[in-house]
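Reader: Got a minute to walk me through this fold? I'd like to go piece by piece.

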Amino acid sequence: MLARDGYEVLAIDADPDMNLASSLGIEKPPKPLADFKDLIQERAGAEGGAFIYNPKVDDIAGKYGVIGPDGVRMLVMGTVDKGGSGCMCPASAFLRALLRHLMLKEKSAVILDMEAGIEHLGRGTTRGMDLMVVVVEPGARSLETAERIKKLSSEIGIKHIAAVINKGGAGKVNDRLEELGIPVLGEIPFDEQLMQADLEKRAPIDAGGEAVNAIVKIKEKLMETVEDIRKENEKSKK
């Protein structure tokens, strides 16, 4: 939808369960960046088992991404195998540097599909984002996760989060999110056309239906929110 509005869009599949491509209508997704061991070692490796913290990554999106419908460019991050959760390595340094570079570009939109839950917050993968969108299911456990995400995101410098309520049931969920101080961008209703598009591996935007109509409104609200954040940031700099 952003691409159709004239934005240069880069979509990044940063979920270990890599299936963003079919949602975008891309039949052949790119190879995960984490699989390019030689490239990562060349850019981020150093002698004696050390690594370069800020490797060269400015050419990666062009070389290793694919372009899908509406001109959306896509990258797949892939998973980084680590011996311990606190361990840094050339691969994780490379991927984190890539995200920092992409998020600092102007006149474009970078959208990351992260894994469900809170693990990526512990790794600090999401530093530097304008807005984190939390998808909340109509249930107590999902609300508890949203509350933890709000706390953890603030600890790593993400100032703005918002929620999208999935599969309906917005009433009580809305009230609870308001109590938590998480603004709601909108609600995606349960829609069989969305399920059918998923089964057929079609982009939902091509299938249409109630859910897609709701997402159009969510996109509009999201862009209003991002614009408010930009104005707030400009005011704070003066």
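Author: Sure, here come a few questions and answers on a sheet and the helices that pack on it; bear in mind that the model is predicted.

Reader: Which strands stand at the edges of the open sheet?

Author: Three strands make up this open sheet, paired in parallel and ordered β5-β6-β7. From one strand to the next, the twist averages 20°. Two strands have a single partner each, so one side of each lacks a neighbour in the sheet: β5 (132-136) and β7 (184-188).

Reader: What is the bridge partner of Ile-165 in β7?

Author: Ile-165 falls within β6, residues 161-166, and that strand is joined to β7 by four bridges. Follow the bridge from Ile-165 across to β7 and you land on Glu-187.

Reader: Which helix packs on the sheet touching β5, β6 and β7?

Author: Two helices are worth checking here. α6 (residues 140-155) packs on the sheet too, but the strands listed for its contacts are β5 and β6, and its direction makes about 165° with that of β5. The helix touching β5, β6 and β7 covers residues 210-237 and makes about 175° with the direction of β7: it's α10.

Reader: How wide an arc do the buried residues of α6 cover around the axis?

Author: The buried residues in α6 are Ser-142, Leu-143, Ala-146, Ile-149 and Ser-153. On the face turned away from them sit exposed residues: Ala-140, Arg-141, Lys-151 and Glu-155. The buried ones lie on the same side of α6, because the arc they cover is only 110°.

Key: Residues are numbered from 1 along each chain as its sequence is written. This is a predicted model: local features need pLDDT of at least 70, side-chain atom pairs count only at pLDDT 80 or more; totals for chains, interfaces and linings use all residues. Side-chain values use heavy atoms; hydrogens and water are left out. Two strands pair if DSSP finds at least two bridges between them. Axes are lines fitted to C-alpha atoms, for helices over the stretch in contact, and angles run from 0 to 180 degrees between N-to-C directions. Contact means heavy atoms within 4.5 Å. Buried means under 20% relative accessible area, exposed over 50%, partly exposed in between (1.4 Å probe, protein chains only). The arc is that of the directions from the helix axis to the C-beta atoms.
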